[in-house]
Amino acid sequence: MADKAKFQAIKGVRDILPPESALWNSGEQTAREVFGTFGFAEIRLPIFEQTELFARSVGLDTDIVSKEMYTFEDHGHRDIEFARKFALNTERYLKPGYPFGMERFLQAVDAFVDAVEGAFSGDKSLESRANKEALLEIKQATSQMWPLVTPDGAVTNEDAFRSFAIRIVFRLQSFHFENLLTLRPEATASVVRAYIEHGMQVQPGNVKLYYMGPMFRRERPQKGRYRQFYQIGAEVLGTSDAPGIDAEVIEMLMTLFERLKLKGTILNINSIGDKNCRPAYVEKLRAEFEKVREQLGADSQRRIETNPLRVLDSKLEHEQAIIEKLPRIGENLCDDCRAHYAEVKRQLDLRGIRYQENWRLVRGLDYYMRTTFEITAPGLGSQNAVCGGGRYDGLVELLGGPAATKGIGFAIGTDRLILSLQEAGEGAAAGGPAGKAGGPDVYLAWFGAAAQTAAIGLAKRLRDAGFVVELPAVEMKFGKSLGLADRLRARHAVIVGDDELAAGIVTVKRLSDGAQQKLAEPGLMLYLRA
Ligand code: ATP
Ligand code: MG
């Protein structure tokens with residue numbers, strides 16, 4: 001068997017099978033309902049974006065961008081690549097003593113220019129500065145070369161022609177579309193991109209959006225950590241950064257977890273300051289780290305330069321004592337950030353939401369500022385963060401949107417959420433719509449062609465009434481058919497044979513205890529419902 005299975009899912013990527021998928025659906029459905037009551041609407045986003053979007057927003061120094069992204073070149077421009085290679089090929093006509101071929105070179109270059117301009121007009125993102133410069137120089141050169149071509153196709157000043165051609169060849173050789181695409185490692189960047197692209201800032205009040213779907217990061221696979229994983233996230237974008245927004249977003253999250261009966265969650269919060277106070281704190285940290293550089297691990301040593309805040313996140317045993325003695329961000333916030341943080345906590349108190357302050361909570365993405373939070377859940381081992389989030393007031397501006405726009409959001413790791421629910425083995429994992437996964441309500445056994453016709457009609461009416469019906473596609477012997485009903489764990493077998501047809505009734509057998517009775521259709525409906 002095993003050696004026949006030629007294909008396997010890629011490492012770190014998995015199938016979500018029934019009945020587990022029912023739990024996923026009900027979890028996502030609950031999120032839709034809860035988020036809806038807070039006035040959030042769904043945004044469906046593309047799975048891939050320009051690499052630059054993530055590089056800029058998530059941050060070059062983050063693990064995500066520096067080593068975990070799935071990036072590929074868009075091969076959608078083969079026509080241009082073809083025209084470029086073709087033009088370079090015609091370079092051979094430029095050899096001395098071959099003046100009648102030179103025109104072909106120019107024609108090929110013009111074809112290349114046409115292809116590039118066509119691509120530019122179809123997709124502005126291709127118009128990088130380097131590409132525009134190259135195109136301009138090529139066009140300037142060709143405009144001076146064409147007058148050198150006589151009506152009969154010869155070239156009058158071969159040397160001049162050739163020196164222009166050399167510049168073109170050089171440009172052609174280095175020309176390439178830097179059209180790198182990346183499978184999204186997270187979705188906040190896409191939400192912000194969409195917000196700007198569609199001018200959503202003109203909408204009244206805050207823009208409140210949620211999304212759900214797969215994300216991709218090339219991490220080391222382990223329990224609760226996959227290369228394709230899923231997130232349910234939400235974002236609030238608008239001109240206000242009122243702490244009440246932060247608290248309400250967190251309240252929405254906790255409401256969802258409560259609705260899902262996810263027990264034992266812990267909310268950690270922190271403020272990591274803003275562009276006024278954080279730089280000074282980061283420098284303070286850096287100076288402290290320099291003093292103990294030799295005692296730190298390789299990762300932390302590297303982060304002293306690239307991102308000292310991230311050292312606080314370290315899980316290394318021997319670094320803990322060092323980190324505990326460091327200056328804390330809470331004591332280094334500017335007045336505005338301090339007041340904002342205090343009010344976030346008061347707003348959480350107003351909502352009866354319990355939290356732990358964790359001064360070491362920094363997030364793995366660069367765009368966060370001020371409020372950050374993370375929620376842990378039981379049963380997940382060391383990958384116990386089920387949700388991360390925070391405020392990102394500068395991100396919209398960084399990506400080219402209106403400067404005054406503020407933002408806050410979170411992302412729940414759906415895989416971990418489901419895992420935690422399963423580990424708990426109760427709550428939504430056991431009951432709820434997922435419970436339907438048990439087996440069909442009705443196994444509709446039919447015997448004979450006339451019975452099949454009747455069964456098809458009955459199956460339709462039962463399904464319209466909301467029952468889960470299994471209708472065998474081919475006729476089976478009585479024993480075999482009822483045996484299958486058992487194995488499918490059907491609740492009832494409804495039997496339609498010649499006798500039943502003649503009497504205008506069906507036989508219903510309750511499979512749990514074998515209790516059997518004969519009913520007409522209205523009675524059957526009532527019986528099944530009861
Ligand atoms: P972690 O510290 O666990 O790596 P993170 O800081 O990288 O998390 P975020 O980028 O904030 O996480 O994403 C939010 C949530 O998405 C996390 O709290 C986690 O539940 C989930 N998540 C992140 N990466 C993965 C992954 N590779 N597999 C499964 N879930 C993930
Ligand atoms: Mg991570």
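Among the 16 residues near ligand 1 (a heavy atom within 4 Å of the molecule), those that come nearest are Arg217, Glu219, Tyr226, Arg363 and Ala385. The structure is a predicted model, in which local features need pLDDT of at least 70 and side-chain atom pairs count only at pLDDT 80 or more, whereas totals for chains, interfaces and linings use all residues. Residues are numbered from 1 along each chain as its sequence is written, chains are lettered from A and ligands numbered from 1 in the order in which they are written, and side-chain values use heavy atoms, with hydrogens and water left out.

Polar contacts (pairs of N or O atoms within 3.5 Å) to oxygen atoms of ligand 1 include one from the side chain of Arg217 at 2.8 Å, one from the backbone of Ala385 at 2.8 Å and one from the backbone of Gly413 at 3.5 Å. Of the 580 Å² of accessible area that ligand 1 has on its own, the protein covers 87% (Shrake-Rupley method, 1.4 Å probe).

The shell around ligand 1 draws at least two residues from each of strands E6 (228-238), E10 (385-391) and E11 (406-413), strands being DSSP runs of E with at least two residues and helices runs of H or I with at least four; E10 gives the largest share, 4 residues.

In helix H11 (residues 298-306), the buried residues (under 20% relative accessible area, 1.4 Å probe, protein chains only) are Ser300, Arg303 and Ile304. These lie on the same side of H11 because they cover an arc of only 115 degrees around the axis, as judged by the directions from the helix axis to the C-beta atoms. The buried residues of H11 pack against helices H3 (63-68) and H10 (278-292), with contact meaning heavy atoms within 4.5 Å.

Note on methods:
Polar contact = N/O pair within 3.5 Å; in protein donor to acceptor, adjacent residues only side chain to side chain. Buried < 20%, exposed > 50% of the residue type's maximum accessible area, 1.4 Å probe, protein only.
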